[in-house]
Amino acid sequence: MSPRTNDNEPTGHPADTDEGEGDLPETDPAPAASDAGHDAPEADGHDAPEPDGQDTPRPDKQDTLRPDGQNTPRPEVQDAPRPDKQDTPRPDTQDTPRPDTQDTPRPDTQDTPRPDTQDTPRPDKRVAAVRRLGSAGRRWRAARLTGCAALLAVALTGGAIAAGAARDGAPAAAAAGRTVSPALLDGRDVDASVTALQAHLRSQPRDVGGWATLGLAYVEQARTKGDPSRYPQAEQALEHALRLAPADDQALAGRAALAAARHDFKGALTYADRALEQNPYSERALSSRIDALVELGRYDEASKAADTADTRRPGVPVFTRYAYVRELRGEVVTARRVLERALSSATSPGDVAYVASQLGQLAWSQGDYKTALTCYGRALAADDTYLPALEGRARAQAAGGDLAGAVKGMELVVSRYPLPGPLVELGELYEARGTDGDRARARDQYALVDAWIALARANGVDADLDTALAAADHGNKSDALRAARAEWARRRTVHTADALAWALHVGGRDREALPYARRATATGYRNASFLYHRGTIELATGHREEGRTLLAEALKLNPGFSPLGARRARTALEAAK
């Protein structure tokens, strides 16, 4: 997104309670999402005076840049080691075409650690399968890399984190990965920005902001391409930035984003707090702090953090998180209103695509498929490559009965982004369609989930929630339970409670599952999958009336919540009458 031009806190706030609709004021392009007349929330221990120019490079960093030879190649040094190469990782990567170096070997590459090769284990055959599946999409995107200089200018402004935790139906691997500016969520922009940053850092190797932004761009590449091998590259870039400037808030916020992408939410919270100590108005750090608290199940603290962020830096990244925190509490009307506010203030195609997709997801989760398709259509009009919109549209098509369109759309998503969520969804769509060869096709998708998980774990990602969700219905039940228990031990959220409940159920341990299923629905979060899981477990433990009520509620809320789950819910409800 474009940086906010007015960093002063707004003086008025739109009403956003479920009880009153009201007209939204139009006086400020990015008013806070909180209630009108609401007192400023406590500052979560990060109070500071209003800054000026928080999103611009700090003046003291300019002295570290090399004023000479910025656009010339580095000289060859054949006979003496370069002592400065040991601490300066090379910003280039293997998957990004470099037209200026393809035919000429660089003499300085022998002694310089390269962030695209360090600490990345050799992938096994399953990992190679995932990479081959995405290779066609990567070649297509690489052909569209243009305007690097302009994109570099965008990237170096720092942008905003555009995200929120995953809702039901969104890829679990993407839950905390939506961490870079919405303007960079377009695959073209991320790749082009990486290329431009690499060129910039070859001539300006001590640009702390450049290394921090490159690390964030690698995180985003990992998410959008389903390629966790980018995470070690991101870690090297961000660690190099922190070696140059240990207290740099951009680099600390980048480490928070990386930790969240790897599902290390305690680490994400630690880095976000450190970043906010340096810059209490860091939009990235404020956003990552909300994400970490949500994903740790600390919902009251997350709500308070969202209020604080809304007061300090109202805008699209904060609005979307504010909305999700409210949705988790069952405040769907409030969540919708805040997202509509965010969409009205969105200006860049990336912002529009992101927020419109969030509105589409919210509509789909409440069974309003027509509105969902309209929202996804708006998102794709802004960016026709945007993954969540493509995936969400396919889900809405399936829920609305357009199975052929859903299969075609999800095949497109998987061909470009072989992530666990779309792979499982496509496998279930094949099973629901049931034509010749569809069972084998479905098995192939579930096998690729295992391959992605292997790749993710090889690159430092905690993939236990992905394992639990996929294996419970389409894999080894013991693996599902083991993974769900491990994830529950790390963080206690509604999503991990649901995953553990379901893994226990498929393993025949319904009485043990029931408290977790009830906990998953305790916040008021309106999620049809959670209701289906709990209803099934209630029936299995002899609570027939409660079980029937929950199954009926799930189907009323979102009749097409899953290609196979909805069908099974109807069968179970009929059998329980």
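Let's start inside helix 16, which is where Gly427 sits. This is a predicted model, so read everything below as a description of that prediction. Gly427 is buried, and its relative accessible area is 0%. What does Gly427 touch, once neighbours within four places in sequence are set aside? The answer is Ala442, Gln445 and Tyr446. There's also a backbone distance to look at here: Gly427 and Arg443 are 16 residues apart along the chain, and their C-alpha atoms are separated by 6.9 Å.

Ala442 gives us the view from the other side. It belongs to helix 17, which covers residues 438–458. Ala442 counts as buried too, with a relative accessibility of 1%. Leaving out neighbours within four places in sequence, Ala442 is in contact with Gly427, Tyr430 and Glu431. If you want a second distance to check in your viewer, take Ala442 and Ala432: they're 10 residues apart along the chain, with 9.8 Å between their C-alpha atoms.

Helices 16 and 17 turn up again when we move on to helix 18, residues 464–474. Is helix 18 largely enclosed or not, and why? Of its 11 residues, 9 are buried, so helix 18 is largely enclosed by the rest of the structure. The buried set is Asp464, Leu465, Asp466, Thr467, Ala468, Ala470, Ala471, Ala472 and His474. As for what covers those residues, the list includes helix 16 (420–433) and helix 17, along with helix 19 (477–490) and helix 20 (494–506).

Now step back to the whole protein for a moment. How many helices and strands are there? The protein has 24 helices and 0 strands. It has 577 residues, and buried ones make up 60% of them. Among contacts with a separation of 6 or more, 65% are between residues 24 or more positions apart. The accessible surface comes to about 22900 Å², and carbon and sulfur atoms account for 49% of that.

Next, go back along the chain to helix 6, residues 249–261. Asp249 is placed in this helix, and at 9% relative accessibility Asp249 counts as buried. Its C-alpha atom is separated by 7.2 Å from that of Leu276, although the two residues are 27 apart along the chain. Leu252 is in helix 6 as well, and Leu252 is buried at 1% relative accessibility. Which residues does Leu252 touch, not counting those up to four places away in sequence? They are Leu242, Pro246, Ala247, Tyr271, Arg274, Ala275 and Gln278. Asp273 is another useful reference point: 21 residues from Leu252 in sequence, and 8.9 Å away in space, C-alpha to C-alpha.

Between helix 6 and helix 7 (265–278) there's a loop, and His263 lies in it. This is a good place to look at backbone torsions. Most residues other than glycine have a negative phi. His263, however, has a phi near 65 degrees, a positive value in a residue that isn't glycine. His263 is also buried, with a relative accessible area of 6%.

Further on, we come to a pair of packed helices. A pair like this is described by the angle between the two axes and the distance between them. Helix 10 runs over residues 316–328 and helix 11 over residues 332–345; their axes come within 8 Å and cross at roughly 170 degrees. Are the two helices roughly parallel or roughly antiparallel? Angles over 145 degrees count as roughly antiparallel, and helix 10 and helix 11 are therefore roughly antiparallel to each other. On the helix 10 side, the residues involved are Val316, Phe319, Thr320, Tyr322, Ala323, Arg326 and Glu327, and in helix 11 they meet Thr334, Ala335, Val338, Leu339, Arg341, Ala342 and Ser345. Sorted by class, this contact has 8 nonpolar, 3 polar and 3 charged residues.

Our last stop is the loop between helix 11 and helix 12 (349–365), where you'll find Ser348. Is Ser348 buried or exposed? With a relative accessibility of 11%, Ser348 counts as buried. A polar atom of the Ser348 side chain lies 3.0 Å from the backbone nitrogen of Asp351.

Conventions: Residues are numbered from 1 along each chain as its sequence is written. This is a predicted model: local features need pLDDT of at least 70, side-chain atom pairs count only at pLDDT 80 or more; totals for chains, interfaces and linings use all residues. Side-chain values use heavy atoms; hydrogens and water are left out. Axes are lines fitted to C-alpha atoms, for helices over the stretch in contact, and angles run from 0 to 180 degrees between N-to-C directions. Helices (H or I, at least four residues) and strands (E, at least two) are DSSP runs, numbered from the N terminus. Angles under 35 degrees count as roughly parallel, over 145 as roughly antiparallel, 65 to 115 as roughly perpendicular and the rest as oblique. Contact means heavy atoms within 4.5 Å. Ala, Val, Leu, Ile, Met, Phe, Trp, Tyr, Cys and Pro count as nonpolar, Asp, Glu, Lys and Arg as charged, and the others, Gly among them, as polar. Buried means under 20% relative accessible area, exposed over 50%, partly exposed in between (1.4 Å probe, protein chains only). A polar contact is a pair of N or O atoms within 3.5 Å; within protein, one must be able to donate a hydrogen and the other to accept it, and residues adjacent in sequence count only if both atoms are side-chain atoms. Accessible areas come from the Shrake-Rupley method with a 1.4 Å probe; for residues, only the protein chains shown count as cover.
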